[in-house]
Amino acid sequence: MFRSAIAGSLPKPDWLAETNKLWPRWAREGDALAQAKLDATLLWIKQQEDAGLSVIGDGEMSRQHFVHGFLEQVDGIDFEHKVEMGIRNDRYKAMVPQVVAPLKLRGRVHEAEAALLRAHTTRQVKFTLPGPMTIVDTVADQFYGDRVAMAMAFADLLNIEAKALQAQGVDIIQFDEPAFNVYMAEAADWGVQALERAAAGLTCTTAVHICYGYGIQANVDWKATLGEQWRQYEQVFPALAASSIKQVSLECFHSHVPPELMALLKGKDVMVGVIDVASDVIETPEQVADTIGRALQYVPRERLIACTNCGLAPMSRAVAEAKLAALGAGTRLADQRLGG
Ligand code: ZN
């Protein structure tokens with residue numbers, strides 16, 4: 001049986017936050033906000049189970065943004081005075097907080113939603129955290145003056161939270177590193193090292209998600225400049241194959257990634273993107289099963305996990321629900337066609 005999972009994020013309901021936004025404003029405050037976050041998490045746990053997914057996530061309902069949600073619990077970061085910064089090699093501008101002092105975790109970051117996730121499903125649960133290199137690329141530095149040193153400092157904080165999540169019964173901890181597809185030489189040089197430092201000592205399954213970003217316009221425009229073959233993965237996969245990280249999530253369906261690059265991940269579980277996050281068109285189960293079939297040429301069946309290309313956060317709820325259903329139905333179709 002093929003396994004299935006989402007990359008990480010899902011759309012927030014309108015009673016929790018603004019919709020169709022990457023940095024949405026919360027719709028509530030205080031206790032009401034805390035409750036709304038958990039209610040939305042519960043809703044998406046149910047939707048993922050109903051879709052038949054084998055790995056369940058929290059949908060990232062409790063964080064405003066996949067990087068800044070973590071940073072909000074870190075001392076040494078000034079959220080009062082955000083500055084505009086070009087991120088992902090200046091692909092787009094974002095208002096980001098500034099690192100102004102030594103970094104220190106204020107306490108647990110995701111305790112409540114991890115407890116709720118673990119309590120409400122008996123399936124495997126996955127929790128996502130931003131990767132050190134992507135954090136460094138999404139915050140302004142007024143203190144460390146060195147990307148590698150700051151990445152290693154963040155890796156130590158991520159490791160503390162990851163170990164606590166593992167102790168809560170999380171089965172898979174995934175670090176999101178879209179920056180690996182932008183700074184390929186640095187990713188292979190120190191990005192993977194920082195990632196392993198974040199995952200040091202974990203006995204649960206560890207994963208990394210590397211993508212071409214959310215389906216926002218800036219990313220769609222960027223992808224149009226990447227040519228016929230997107231070979232970014234080629235530079236970092238060998239370093240990941242040699243690392244201790246167990247699973248790698250990559251884009252596949254509707255991308256220009258040559259599928260043979262998956263063969264560079266020998267020995268790893270591969271989360272193959274079978275759902276496009278840059279289009280509202282819902283994949284058919286046949287399309288999903290076809291993508292799984294193509295990936296099987298390069299990934300052994302027991303190592304293949306059907307997944308979304310990236311998070312679904314900026315999409316509409318209805319589209320995301322339909323895409324979850326397509327992911328589940330397509331994986332079951334692949335079982336019938338190719339299983340056994
Ligand atoms: Zn992604």
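In this predicted model, a convenient place to begin is strand β9, where Ser-249 is the bridge partner of His-209. That pairing belongs to a wider one, for strand β8 and strand β9, the latter made of residues 247-250, run parallel and are joined by three bridges.

From here the reader can turn to β8 itself, which spans residues 205-209 and is mostly covered, with four of its five residues buried. Besides its pairing with β9, β8 also pairs with strand β7, residues 172-176, again in the parallel sense and over five bridges. Within this second pairing, Ala-207 of β8 has Gln-174 standing opposite. To get from β7 to β8 the chain passes through helix α6, residues 184-198, and the β-α-β crossover that results is right-handed. As a general point for reading such strands, the side chains of a regular strand alternate between the two faces of the sheet.

Another part of the structure to follow is a pair of helices, α1 (residues 30-51) and α3 (residues 111-120), whose axes come within 10 Å and cross at roughly 35°. This crossing of α1 and α3 is right-handed. On the side of α1 the contact is made by Lys-37, Leu-38, Thr-41, Leu-42 and Ile-45, while α3 contributes Ala-112, Glu-113, Leu-116, Leu-117 and His-120. Sorted by character, the residues of this contact between α1 and α3 comprise six that are nonpolar, two that are polar and two that are charged.

Key. Residues numbered from 1 in each chain as written. Predicted model: local features only at pLDDT ≥ 70, side-chain atom pairs only at ≥ 80, totals over all residues. Buried ≥ 20, exposed ≤ 12 C-beta atoms within 10 Å, placed from the backbone. Helix = DSSP H or I, 4+ residues; strand = E, 2+ residues; numbered from the N terminus. Pairing = 2+ DSSP bridges. Right-handed = clockwise from strand over helix to strand, strands pointing away. Axes fitted to C-alpha atoms, helices over the stretch in contact; angles between N-to-C directions. Left-handed = near helix turned anticlockwise from the far one by under 90°. Contact = placed C-beta atoms within 7 Å. Nonpolar A, V, L, I, M, F, W, Y, C, P; charged D, E, K, R; others polar.
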